Amino acid sequence: SVVVPVYKVEQYLTFCVQSIFAQTFSDWELILVDDGSPDRCGEMCDALAEKDERVRVIHKENGGLADARNAGTALARGDYITYIDSDDWVAPQLLERLLEHAQKEQADVVICNMVKADSEQQMFPNSGGQARAFSGPEAMEEMLYQTSFDTNAWGKLFRLELAKRFPYPKGRLYEDLFTIYKMLFSVRKVVYLPQALYAYRINQDSIMNRKFDARNLDELDAADEIEQFVVENCPEYLPAAKARKFSSYSQVFRWMGAVSPADTQMERVREKIWTYLKGYRVGMATDRRARMKNRVAALCTFGGKAFFSKI
């Protein structure tokens, strides 16, 4: 099952779906979830469904990306499920390669690499190295360190029962960050395929590129939840959880920019973030498993808030 949430992507939707139609593996169903899109996306979904009997469409009131993914997951009928964002596209071999490794290695989750693209002419690399197998907890650690792969729901193939067991939190941003680590931790085996089979569109209208608002503080909550989960269930992975928290806190701190002195609530949040960054900067800088980007950022905290905000 392939689930594609759809919202205000008129200019991208057809290209995304065409990349699914072009798959070398043909035994799939595509669930297009029209999440109350105010443009022509709903009509476009219906038209695309008329072209291929494997396509089903859900029209629902707008509930956000998490709710749209959950709606598609609830109706999925495949043994496995993958998610594709409607402004992205995939290589023709995506489903074939992911399923091949899932079945051959009896993996609960298979993850591929991705390529960032600002043009639909972007080519997929021909190779990417040997596949690597992890236990579920090891894969969670690898993801929290953001080394081979990150917390995105896309670019991953899950057993359907796993996806249904861990729904995304409705109404929250960073729904992937709230969810994927628990999915990985719970499974027996995860396979990572270094080949880039997913094209992530650099979209200036995406959530990550919009002006900061209070909803973006959800990233802090997700990072806090990860740390607490690890403390309670697998403290041996705490350095990885702290590294991911440092990364999230750093991003939000810089994204917030200067806070108006009159906004006391945001100023308190900013101080909370800064207190954590300073408190863990030595641990972050000396963690050899952590990304160099985060280790350098930890050293930059010694330059003070103004300097750190500009890096």
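This passage describes the fold, the buried salt bridges and the surface patches of a predicted protein model.

A good place to begin is the overall build. The protein has 12 helices and nine strands. Its radius of gyration is 20 Å, close to the 19 Å that the globule rule gives for 311 residues, so the protein is as compact as a globular protein of that length. Taken along the principal axes, the box filled by the C-alpha atoms is roughly 60 × 45 × 35 Å. A feel for distances inside this box comes from E100 and L220, which are 120 residues apart in sequence and 37 Å apart in space, C-alpha to C-alpha. E100 belongs to helix α4, residues 94–104, and is partly exposed, with a relative accessible area of 36%.

Next comes the question of cover. Of the 311 residues of the protein, 54% count as buried. Helix α7, which spans residues 175–185, is mostly covered, with nine of its 11 residues buried. The buried residues of α7 include nonpolar ones such as L177, F178, I180 and L184. The charged residues E175 and D176 are also on the buried list for α7. D176 is worth remembering, since it returns below.

What does D176 meet? The side chain of D176 forms a salt bridge with that of R69, at 2.5 Å from N to O. This pair links distant parts of the chain, as R69 sits in helix α3 and D176 in helix α7, 107 residues apart. Both R69 and D176 are buried. R69 has another partner as well: its side chain meets that of D85 in a salt bridge of 3.3 Å, N to O. Here R69 lies in helix α3 (residues 65–75) and D85 in the loop between β4 (80–83) and β5 (89–90), so the pair ties together parts that are 16 residues apart in sequence. D85, like R69, is buried. Taken together, R69 in helix α3 is joined to helix α7 through D176 and to the loop between β4 and β5 through D85.

Other salt bridges can be followed in the model too. A search of the whole structure finds 24 of them. One of these joins D67 to K60, with the closest N and O atoms 2.8 Å apart. Are these two residues buried or exposed? D67 has a relative accessible area of 16% and is therefore buried; K60, at 18% relative accessibility, counts as buried too. The cut-off behind both calls is a relative accessible area under 20%. Elsewhere, salt bridges link several residues into a network, made up of D224, E227, K242, K245 and K272.

The surface offers a contrast, with both charged and nonpolar patches to look for. E10, E43, D46 and E50 gather in a patch of negative charge. Which helix gives the most to the negative patch? Helix α2, residues 41–51, does so with three residues. D46 lies in this helix, and D46 counts as partly exposed because its relative accessibility is 34%.

A nonpolar patch is also present on the surface. V282, L299 and F302 make up this patch, which covers about 330 Å². V282 is part of helix α10, residues 264–285. Since its relative accessibility is 54%, V282 counts as exposed.

Finally, the backbone holds two details that are easy to check. Most residues other than glycine have a negative phi, and most peptide bonds are trans. Against this background, K8 stands out with a positive phi of about 55° although it is not a glycine. K8 is found in the loop between β1 (2–6) and α1 (10–21). Q106 also has a positive phi, of about 50°, and is not a glycine. The loop that holds Q106 runs between α4 and β6 (109–117). At 54% relative accessibility, Q106 counts as exposed.

Technical notes: Residues numbered from 1 in each chain as written. Predicted model: local features only at pLDDT ≥ 70, side-chain atom pairs only at ≥ 80, totals over all residues. Heavy atoms only, no water. Patch = residues over 30% accessible without salt bridge, like charges linked within 9 Å, V, L, I, M, F, W, Y side chains within 5 Å. Areas by Shrake-Rupley, 256 points an atom, 1.4 Å probe, with all protein chains shown as cover. Salt bridge = Lys/Arg side-chain N within 4 Å of Asp/Glu carboxyl O. Helix = DSSP H or I, 4+ residues; strand = E, 2+ residues; numbered from the N terminus. Buried < 20%, exposed > 50% of the residue type's maximum accessible area, 1.4 Å probe, protein only. Lys, Arg positive; Asp, Glu negative; His and termini not counted. Charge placed at Lys NZ, Arg CZ, Asp CG, Glu CD. Rg over C-alpha atoms; globule rule 2.2 N^0.38 Å.
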